[in-house]
2 protein chains.
Amino acid sequence: MREVWVVGAAMNRFGKMRESGREAITSVALAALGRAGLEPNSVQHTFLSNCFGVAERQAHLGPLLNTGLGIPEVPSCTIESACSSTSAALHEAFVHVAGGFADVALVAGVEKLSHLNTLAATSYFAMGADYPFETCHGATFPGLYATLANAHQAKFGTTAEELGSVAVKNHANAAMNPHAHFQKPITMEAYLGSPMIASPLRLYDCCPFSDGAAAVVVAAREVTPEPAAEPLVIKASVRSGSIADMHDRPTLTGLPATRFAAEKAFRQAKITPKDVSFLEVHDCFTIAELMALEDLGFTPPGTAGKMTSSGATAIDGHVPVNPSGGLKAKGHPVSATGAGQVVEIFEQFNHEAGGRQVPNVEYALAHNVGATGGSCSVHIFGHR
Amino acid sequence: MREVWVVGAAMNRFGKMRESGREAITSVALAALGRAGLEPNSVQHTFLSNCFGVAERQAHLGPLLNTGLGIPEVPSCTIESACSSTSAALHEAFVHVAGGFADVALVAGVEKLSHLNTLAATSYFAMGADYPFETCHGATFPGLYATLANAHQAKFGTTAEELGSVAVKNHANAAMNPHAHFQKPITMEAYLGSPMIASPLRLYDCCPFSDGAAAVVVAAREVTPEPAAEPLVIKASVRSGSIADMHDRPTLTGLPATRFAAEKAFRQAKITPKDVSFLEVHDCFTIAELMALEDLGFTPPGTAGKMTSSGATAIDGHVPVNPSGGLKAKGHPVSATGAGQVVEIFEQFNHEAGGRQVPNVEYALAHNVGATGGSCSVHIFGHR
């Protein structure tokens, strides 16, 4: 098995794109290749994610991207795993490169939804849940995650202020991130005063719908021994699943898929949570960040709220979480989210994160969840 | 690199499904595993294709399938490449197993569209083409393939009867296939009398919209040395792309992606077209089967019509093509089509093809095209 590096990564500003998805992802892919110091013709396989292609009536975007890059003969496929699509695509790229099936692979994710009305966008998002047993009865993601938040509050006494501390921290981080959808801090008062969406989740507990594009270039160490930027060594690339429907799960206070993936990833990387310098986790709602910290093994079940309130997960804290601002404030263009996490880690490793720079980065972990946890990816990155 | 086998394969009858896509694919996956003599818990990765999940409001089907199989913790992802989705999924499974990342992988494709009206179904299909440059100007697949047929006729003098000979042959084959959507033969007179859809393509030149499900179980030789059925050894698994939009291509009388993939596949399998006992090719329209035979190297450009009219591609001919009936008559449930081709090859290798059995099978080739050839997969299978 060959050692696999992330040699380039780039994204646009998440939020609202004027250009089409195909234009955005082509620009961003070229930027990621440029960051790696590679020409497009070094790419041997493209893994594209675009869950809501139907919103642009475009369901076969890979060949359009490759044509735009001037490499039409290169194979492409679309990889989807709901909100964890580009981390699933990164895993496929990892497998191809580690196994010697490609030397250089491109992972690209894009989403454009802002031209739709909110109802249409919500209905597309909801397709990640289970139609006959969840969505058709009115459940959408705010409601499903509110159920998880209620269970967490009932079992552990998690407070509104603890949930709010995630939102306040992530907005503060995003205010220092030029790629972020929301670039202004919020106060706890503003959080507590924001309208209730699905109790106990308020407006500021919820990530936004964002347009966005992000791309990652993956290569075998031996074919790019001197990349243009400091590479990320992929120390672990793990995916897992769990019971798809929430009503059938043995627990609602965490996501079993995160636990399965984390356990395997730490074994693969041969490190423990103590070794991780910072994390990008899947905080589609504030409760999701708390559950992630517990399921990934960074704090015992029920204690992530206190950990966050204490400041331990702030950029200057013990273990910074979502220095980018996370899905919550950086934004959540579904198919660009997983790759966007890697862009943050790439910039941190290259000391390009400005005011949100984490000092002394050794290892970083990216955690990306599909839907309510039917799928999960965990990647661990380290230095060469 | 490990030798990879197809150890099980199954499909339902293509056509109209009463049950949901999730029910159908779960049954068919269990049947494929049963054929392999494997329990579901031997599966280590599921690669699912379901291009029109939006038609069932279900965009994260992998975890639902794995949950139904009793293996919720197993990772899954959705692989799409328009009409070549399950052959792209098979390639991912091949890479995982050959590279040692999984011992057993499940490839599963399903489509359910028959509950939609024809306009909605057509509009979903058309998303495989390019919206701003093709579809938004009114192009749908019959029109795009009619353009290819016109170019072929203009350059090579291909006749209506030559196109018709593909339809007559494939309907005759499907009449012997209990899995086929259409199980009755048609005459050349019926073909020539069928209504014009997009000149020169008549109704009987076009494959149907079908519901359907098909699954393939892939395993490393070393972990399943004695499978329950005669396995297919994957001698080549190759994917390629080409310029996505037809208007930018240097030629309209063939599909460049097929040529790229075929050349590489024959090199990988270390055989030539002469060694191939029969083919399953992508005949979404009759012209597509003629182009496939030419692009794959089975006959010189412009001669596939005469070859077909001569009977050389019939089951008792020199090189049988689409003994299953092909997309044309077996049906084309987009995401089940590629896996369905493998089911036919599996049944042929196991002497279970009844009246459509090809004698003396040594090697078989499966050819699956995405859209108008922006993507293509070629797989070559042989005996152990």
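How many residues of chain B are in contact with chain A? It is 47 residues of chain B, against 47 of chain A, counting a contact when C-beta atoms placed from the backbone lie within 7 Å.

A quick word on the source, everyone: this is a predicted model, where local features need pLDDT of at least 70 and side-chain atom pairs count only at pLDDT 80 or more, while totals for chains, interfaces and linings use all residues. Residues are numbered from 1 along each chain as its sequence is written, with chains lettered from A and ligands numbered from 1 in the order in which they are written.

Back to the interface. On chain B, helix H2 (61-68), strand E3 (76-80), helix H3 (85-98) and strand E8 (232-241) each give at least two residues to the side touching chain A; helices (H or I, at least four residues) and strands (E, at least two) are DSSP runs, numbered from the N terminus.

E3 of chain A runs antiparallel to E3(B), joined by three bridges, and strands count as paired if DSSP finds at least two bridges between them. There, Thr78(A) has Glu80(B) as its bridge partner.

Now the symmetry. A turn of 180° with a shift of 0.0 Å along the axis lays chain B on chain A at an RMSD of 0.0 Å, superposed by least squares on C-alpha atoms of residues with pLDDT of at least 70 in both. That is the relation of a two-fold axis. And 100% of the interface residues of chain B are also interface residues in chain A, so the copies meet through the same surface.

Finally, inside chain A, five bridges join E2 (45-49) to E4 (104-111) in parallel, with Thr46(A) partnered by Leu106(A).

Methods. Two residues are in contact if their C-beta atoms, placed from the backbone, lie within 7 Å.
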